[in-house]
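Me: I am new to this structure and should be grateful for a close look at a single part of it. Please describe one helix and its surroundings.

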Amino acid sequence: MIAVCKQKKSPGRPHWQPALVMGVALALQASAQADTISHTVEPGDNLYKLAAHYMGNPHAWREIQKLNRIRNAHYLTPGTNLLIPKVSSTVTASFVHGEVSLIDAAGNAIKAITHGDQLAEGDIVRTSENSYLSLEFSDKSIARILSNTRIRLDRIKEGSLVPQGQRVIYLEQGDIDVSVTPAPKRNPNHFRVITPQAVAAVRGTRFSVGTGNISTTSVTQGQVEMKQAKPAKRAPGAVLQAGQGIAASDNGLGEVQTLLAAPDLSQLPTHLPEPELLQFNWPALDGSSEYQYRIAQDANMEQVLWNAASNTAEAMLPSLQDGEYLLAVRALDMHGIAGYEAQHRFKIASHPSSPWLLAPQQGQIVGSNSRLLCTPIAGAQGYHLQIASDQAFQQVVADADQLQECQYSLASLPAGQYYWRVASITTDSASGIAQHGPYSQPANIILDENGATARSTSGQAYWNSTQQGIQYVAQVSRSPQFESLVAEQVLDHPQIDLKALPAGRYYVRLATRIKQYTGPFSDARILEVEQVNDAIDRTWFDKPKS
């Protein structure tokens with residue numbers, strides 16, 4: 001409805017012209033429609049129902065009456081159009097990792113969801129393998145959408161006209177973890193998660209819901225009211241307290257279960273120098289069927305970089321960038337109900353990367369006239385090389401911490417078995433402080449007076465690994481900035497061979513691959529490929545190409 005302005009003549013006041021009146025009316029109409037929704041009245045409609053449906057608050061019916069200048073609030077004429085105040089119905093994507101998509105009802109991707117996107121009521125969201133989404137509501141409630149999950153934002157009503165707010169998520173498949181900001185006791189449960197089998201309603205708590213063939217809910221803080229999604233007559237509901245969980249099927253709610261305890265992560269390492277893989281093992285819990293684990297950089301576990309599940313008490317994934325992280329692990333019982341979560345802090349320190357080894361080869365018998373040779377690291381100012389008589393380096397016999405080149409003479413050592421390792425040293429550009437990188441995995445050599453002189457092979461290097469059955473991705477470039485690649489290789493063993501490339505200097509960086517996931521790349525190691533004497537017979541592949 002548009003307000004009617006009456007003209008009233010008065011001395012010294014200009015008269016309103018019809019064109020001006022129409023312009024003001026159109027402006028008011030455009031402004032009103034920008035903040036309203038149009039509804040065509042149907043038989044049975046009333047203001048109370050319309051306020052509940054569109055605004056999430058049936059007691060806001062007077063706002064509709066006022067906007068439309070309805071005299072008789074008890075009667076609405078079918079077929080007439082009403083303007084209804086538009087209530088905020090968006091939620092913010094506060095963190096996105098991996099492949100997270102906005103999809104249509106048929107499952108077709110509409111767009112990729114990115115940080116800061118506003119999702120609206122009715123939107124359908126899908127997360128893929130090892131993907132994650134945090135949704136933040138206006139009251140700071142957080143819904144964490146784990147990998148391989150599909151949800152629909154069924155109802156998002158927030159704002160001054162909806163004091164308690166209404167937030168309803170339909171979980172079609174997968175898992176979500178929810179932290180609900182407490183609401184006043186007089187307000188009804190304002191956050192609900194609905195699955196095909198059950199409804200979980202809360203006023204303020206921390207709980208998890210998962211669904212597949214069955215739905216499960218577990219509560220770690222506060223309480224959750226449970227009922228069947230399609231309740232039969234006299235179907236009993238349940239109230240879950242902290243420390244309880246329940247499974248639901250098409251036949252109804254199951255028995256309330258006590259949550260499994262948090263796994264014991266106390267023996268896990270806190271410092272991981274240059275890990276090829278992140279591998280964590282913990283004692284198995286009796287009664288567990290599966291473990292869910294997540295890795296994040298924030299204490300609230302909202303910025304998750306990895307989330308997956310394992311049938312055994314272990315987690316394995318490619319390494320991550322240098323930094324401090326939080327590992328969270330929880331066990332699922334035989335019903336699939338998630339238990340309490342344990343958390344463990346750890347730090348990754350992989351840079352500057354350790355050199356690769358050139359000579360001697362692992363376990364080689366060499367003479368005292370040999371040198372330990374290793375690859376330079378791009379940007380390194382020096383190297384720290386240690387030799388020990390034991391693999392744990394409790395008995396260090398040589399400690400050269402100021403090497404300008406990555407090599408060391410064995411002339412001063414007596415015959416015997418030794419282990420050696422080497423680290424790179426760089427200088428922080430901001431502070432000017434020297435940074436000591438992690439040591440390479442120890443290599444074994446045997447020093448014997450009759451041993452041969454150790455020599456490196458052009459374009460070849462190796463490193464020792466503590467892992468089995470993993471692959472590496474090696475990128476080769478002529479430039480330390482890797483503007484373009486000469487080659488990219490997938491390696492099945494911890495060694496590389498560039499001798500088929502033309503002579504010259506090459507920069508090589510390495511990443512670990514497990515399944516389809518590749519970790520971060522290392523600093524560039526430098527390998528020299530020497531000119532081959534063409535007088536020596538070679539295969540066509542080895543000969544320079546014109």
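Reply: The following account concerns helix H2 and its setting in the chain.

This is a predicted model, in which local features need pLDDT of at least 70 and side-chain atom pairs count only at pLDDT 80 or more, while totals for chains, interfaces and linings use all residues. Residues are numbered from 1 along each chain as its sequence is written, and side-chain values use heavy atoms, with hydrogens and water left out.

The chain has three helices and 43 strands, that is, DSSP runs numbered from the N terminus (helices H or I, at least four residues; strands E, at least two). Helix H2 spans residues 47-55, and its buried residues are Leu47, Leu50, Ala51, Tyr54 and Met55; buried means under 20% relative accessible area with a 1.4 Å probe, protein chains only. These residues lie on the same side of H2, because they cover an arc of only 100° around the axis, the arc being that of the directions from the helix axis to the C-beta atoms.

The buried residues of H2 pack against four elements: strand S1 (36-40), helix H3 (61-68), strand S2 (81-85) and strand S10 (149-157). Contact here means heavy atoms within 4.5 Å.

At the start of H2, the backbone nitrogen of Tyr48 has a side-chain oxygen of Asn46 within 3.1 Å; a polar contact is a pair of N or O atoms within 3.5 Å, where within protein one must be able to donate a hydrogen and the other to accept it, and residues adjacent in sequence count only if both atoms are side-chain atoms.

As for the chain as a whole, buried residues make up 46% of its 546 residues.

Terms used
Buried < 20%, exposed > 50% of the residue type's maximum accessible area, 1.4 Å probe, protein only.
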